[in-house]
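Okay, thanks everyone. I'd like to take a few minutes on an interface today, so here it is on the screen.

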Amino acid sequence: MNIVKVNPFVQGRTFSNLIDDVFNRSISDLVGNDLATTTPSVNVTETNDNFTLEVAAPGLDKKDFNIAVEKDQLIISASKESQEEEKSEGKWTRKEFNYKSFKRTFHITEAIEADKIEARYENGILTMVLPKREEVKAKAPTTIEIK
Amino acid sequence: MAVPGYDKSGITISLEENKLKIVGKKEESTDRKFLMKEFDFTTFQRLFYLPEDVQKDKIEATVENGILHLVIYKAEVKPAINVSIK
């Protein structure tokens with residue numbers, strides 16, 4: 001990765017030049033090419049009963065994933081056996097993603113029942129359902145009758 | 001091309017002259033509460049300009065594990081003809 005120095009005080013630079021310098025780069029320029037193309041994106045949603053974590057990791061197989069819970073950390077890792085290399089007789093003319101191996105770690109709270117986490121891999125998305133413990137689920141308000 | 005969450009029903013591929021257009025669309029419930037959102041593939045469109053020397057009627061597409069594979073064959077190169085001088 002190249003480190004690009006930005007000096008806003010160099011003469012002849014307007015503010016918009018500076019903005020262009022800072023924002024006209026893709027994320028891959030800023031954090032290094034590898035991280036942006038090899039780390040899949042994650043969505044997390046919440047319902048009353050559970051959290052759902054979706055990892056967009058296309059092109060892998062169910063057996064490539066390894067999901068582990070260690071104390072309060074959920075570790076999702078994947079490594080694809082490099083069978084691709086044998087068949088890749090062609091050369092790359094463009095490469096925008098490469099999810100051969102990655103690792104992402106999430107902090108999970110006490111509210112989650114770690115032994116009841118379910119995972120499935122479908123159409124390139126790994127979906128994990130993390131159920132909440134009974135006692136933290138939002139309960140319907142109970143009405144108290146006045147005697 | 002990475003199309004996570006799609007099966008073949010959500011993807012439309014069209015070819016107009018040398019413009020290859022790939023459009024994806026799927027319905028997703030909007031009432032979900034996101035705590036973290038790093039990707040959104042509910043709609044996308046990508047346009048590729050194909051070079052002249054491809055066989056436009058022989059493009060093959062498959063979707064597998066969230067990856068759309070398109071195989072575009074190059075046009076067969078006609079062998080050079082030697083013109084003999086009489």
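Let's start with the charges. Between chain B and chain A, the rule picks out four salt bridges across the interface. Keep in mind this is a predicted model. One salt bridge to zoom in on joins the side chains of A:E96 and B:R46, at 2.6 Å, N to O. Beyond that, if you go looking for polar contacts between the two chains, you get eleven residue pairs, both partners at pLDDT 80 or more.

So which elements of chain B touch chain A? Strand 3 (33-37) and strand 4 (43-49) are the ones in chain B that give two or more residues to that side. Strand 3 of chain B gives the most, with five residues. And by class, chain B's side of the contact has twelve nonpolar, three polar and six charged residues.

Now, strand 3 of chain B has another thing going on. It pairs with strand 1 of chain A, residues 41-46, in the antiparallel sense, over four bridges. If you want a spot to click on, take A:T45, whose bridge partner in strand 3 of chain B is B:F34.

Okay, the overall numbers. The contact involves 23 residues from chain A and 21 residues from chain B. Together the chains bury about 1,800 Å², and 55% of that is on carbon and sulfur atoms. Which three residues supply the most of the area that chain B buries against chain A? That would be B:M36, B:F39 and B:N65, with 32% of it.

That's my tour, happy to rotate the view if anyone wants.

Notes:
Residues numbered from 1 in each chain as written. Chains lettered and ligands numbered in written order. Predicted model: local features only at pLDDT ≥ 70, side-chain atom pairs only at ≥ 80, totals over all residues. Heavy atoms only, no water. Contact = heavy atoms within 4.5 Å. Buried area = accessible area lost by both parts, 1.4 Å probe. Polar contact = N/O pair within 3.5 Å; in protein donor to acceptor, adjacent residues only side chain to side chain. Nonpolar A, V, L, I, M, F, W, Y, C, P; charged D, E, K, R; others polar. Pairing = 2+ DSSP bridges.
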